[in-house]
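Please open the model in a viewer and keep the sequence panel visible. The tour below proceeds by selection, with a description of what each selection shows.

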Amino acid sequence: YVIKDSSYSFNYAITLLKRLLKNQYLKILVTDDSKVSRQYLASLLKQHLFQVFTAENGVQALAILNQEPDIKVLLTDYNMPEMDGFALVKELRKNKDKQELAIIGISSADDASLSARFIKHGANDFLSKPFIHEELYCRVNQTLEHIELIEEIQDSANRDFMTKLYNRRYLYNQGAALHQHALQSGKQLAVAIMDIDHFKEVNDTYGHDAGDVVLIHFANMLIKCFPNGLVARLGGEEFCLLLPELDNQHAAERLDKFRQTLAAMPIHAEDQEIWISASFGVTNVLEEQLEAQINRADKLLYEAKNNGRNQVFA
Ligand code: GH3
Ligand code: MG
Ligand code: MG
Ligand code: MG
């Protein structure tokens, strides 16, 4: 459809084709009390490969967003019974920011102040009725592009470029929040520091590129083994893992399992088989500050190294 219609840019057609090939139908929710408007918007959006959900009012919209947390965009009318568009935006913005859920307010153009008010309440953008098709697509796609750009910028600030793990900066910000939560709720938080053994030898023997492959492999394994943990690269071949709600013994056991898996399989890089091991320090002693707990884990790591490496000290 888009390809046939020459008013769309080539790049846009490519974007849609990519979505189609990846089977990535972005989810969008249309909220409007008028059945005609709802169906009209839904059919336009379906033509552009969105997976469309519909709601008749704010209350229904909240329920659908709860069931479908990966809906990216909400298009909402202003005037609706039960809960109007402003109340809906206000409610959603209590816990979802503009990147998590983009909101585009829609209403008839007879009240010129609506657009400003929608945006003041936290909408990303506004569309007035009647609109031409292109404006709908442009606003939705521009909003999506903004979200993607912000995500890219955030990732480059918060992640390590090579391993794609979180970096030290993110760990200290996000980890401090986890740590405070544990302190306040009386829940456990295990903190582990790990370091690859004799990594300098890996570089010296197989080259720096092979060393990088090893680091990426290590990072991927960490993510796979600890999907609920906060995993970060502190620098070099040193990593940190925060495991909420896990006592020290269980944390140490899981780390030891990871240690064994790591040491039992070679990593393939530069047509070579590279065997590595790592040492670990882990503690769930909640200090006043996260940094103090990290230092405590670091001391345990140091002991693991001194004790012969390839082991977990708890
Ligand atoms: P230990 O068992 O005591 O930890 O010994 P080690 O050799 O692992 O520790 P050392 O601190 O002596 O060496 C770490 C090496 O890691 C030195 C540095 O060149 C290398 N390194 C740091 N960052 C990177 C990186 O991004 N890529 C690669 N390939 N090497 C890195
Ligand atoms: Mg209405
Ligand atoms: Mg090392
Ligand atoms: Mg080191």
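Throughout this predicted model, a residue is called near a molecule if its C-beta atom, placed from the backbone, lies within 6 Å of that molecule.

**Stop 1: the ligand**

Select ligand 1 and the residues around it. There are 15 of these residues, and Asp-197, Phe-199, Lys-200, Gly-211 and Gly-236 come nearest. What is the make-up of the shell in nonpolar, polar and charged residues? Three residues are nonpolar, five are polar and seven are charged.

Next, colour the elements that contribute to this shell. At least two residues each come from β6 (189-196), α8 (199-206) and α9 (208-225). Which element gives the most? The answer is α9, which supplies four residues.

**Stop 2: the sheet that includes β6**

Keep β6 selected and add its sheet. The sheet is open and has five strands in the order β7-β8-β6-β11-β12, with mixed pairing. At its edges stand β7 (230-235) and β12 (312-313); each has a single partner strand, so one side of each is left without a neighbour in the sheet.

Zoom in on β7 and β8 (residues 238-244). These two strands pair in the antiparallel sense over five bridges. Two positions may be labelled to follow the register: Ala-232 stands opposite Cys-240, and Arg-233 has Phe-239 as its bridge partner in β8. Now select the turn of this hairpin, where two residues lie between the strands. Gly-236 takes a positive phi there, near 50 degrees. Gly-236 was also met at the first stop, among the residues that come nearest to ligand 1.

Move on past β8 to Glu-245, in the loop between β8 and α10 (248-264). Its phi is near 55 degrees, a positive value in a residue other than glycine. Is Glu-245 buried or exposed? With 12 other C-beta atoms within 10 Å, Glu-245 is exposed.

**Stop 3: the nonpolar cores**

Select Ala-192, Phe-280 and Val-282. In the largest nonpolar core, which has 43 residues, these three touch the most other members. The strand β6 gives the most to this core, with seven residues.

Centre the view on Phe-280 and display its contacts. Leaving aside residues up to four places away in sequence, Phe-280 touches Ala-192, Met-194, Leu-255, Arg-259, Leu-301, Ala-304, Val-312 and Phe-313. Apart from this core lies another, of 29 residues, with Ile-28, Leu-45, Val-52 and Phe-86 among them. As general background, nonpolar side chains in soluble globular proteins tend to be buried together.

**Stop 4: β1 and its partners**

From Ile-28, extend the selection to strand β1 (residues 27-31). Four of its five residues are buried, so the strand is largely enclosed by the rest of the structure. What pairs with β1? With strand β2 (residues 51-55), β1 pairs in the parallel sense over five bridges. Strand β3 (residues 73-77) also runs parallel to β1, and four bridges join the two.

Label Ile-28 to see both pairings from one residue. Opposite Ile-28 in β2 stands Val-52, and its bridge partner in β3 is Val-73.

Then add helix α2 (residues 35-47). Together, β1, α2 and β2 make a right-handed β-α-β unit. Between α2 and β2, select Leu-49 in the loop. Its phi is near 65 degrees, a positive value in a residue other than glycine. Leu-49 counts as partly exposed, with 17 C-beta neighbours inside 10 Å.

**Stop 5: two further selections**

Select Lys-129 and Pro-130. A cis peptide bond joins them, with omega about -5 degrees. Pro-130 is found in the loop between β5 (125-129) and α6 (133-158).

Finally, select Ala-176 in helix α7 (residues 168-185). Ala-176 is partly exposed, with 13 other C-beta atoms within 10 Å. How far apart are the C-alpha atoms of Ala-176 and Phe-258? A distance of 25 Å separates them, and the two residues are 82 residues apart along the chain.

Key. Residues are numbered from 1 along each chain as its sequence is written. Chains are lettered from A and ligands numbered from 1 in the order in which they are written. This is a predicted model: local features need pLDDT of at least 70, side-chain atom pairs count only at pLDDT 80 or more; totals for chains, interfaces and linings use all residues. Ala, Val, Leu, Ile, Met, Phe, Trp, Tyr, Cys and Pro count as nonpolar, Asp, Glu, Lys and Arg as charged, and the others, Gly among them, as polar. A residue is buried if 20 or more other C-beta atoms lie within 10 Å of its own, exposed if 12 or fewer, and partly exposed in between; C-beta atoms are placed from the backbone. Two strands pair if DSSP finds at least two bridges between them. A crossover is right-handed if, with the strands pointing away from the viewer, the path from the first strand over the helix to the second runs clockwise. A nonpolar core is a set of buried Ala, Val, Leu, Ile, Met, Phe, Trp, Tyr and Cys residues joined through C-beta atoms within 7 Å. Two residues are in contact if their C-beta atoms, placed from the backbone, lie within 7 Å.
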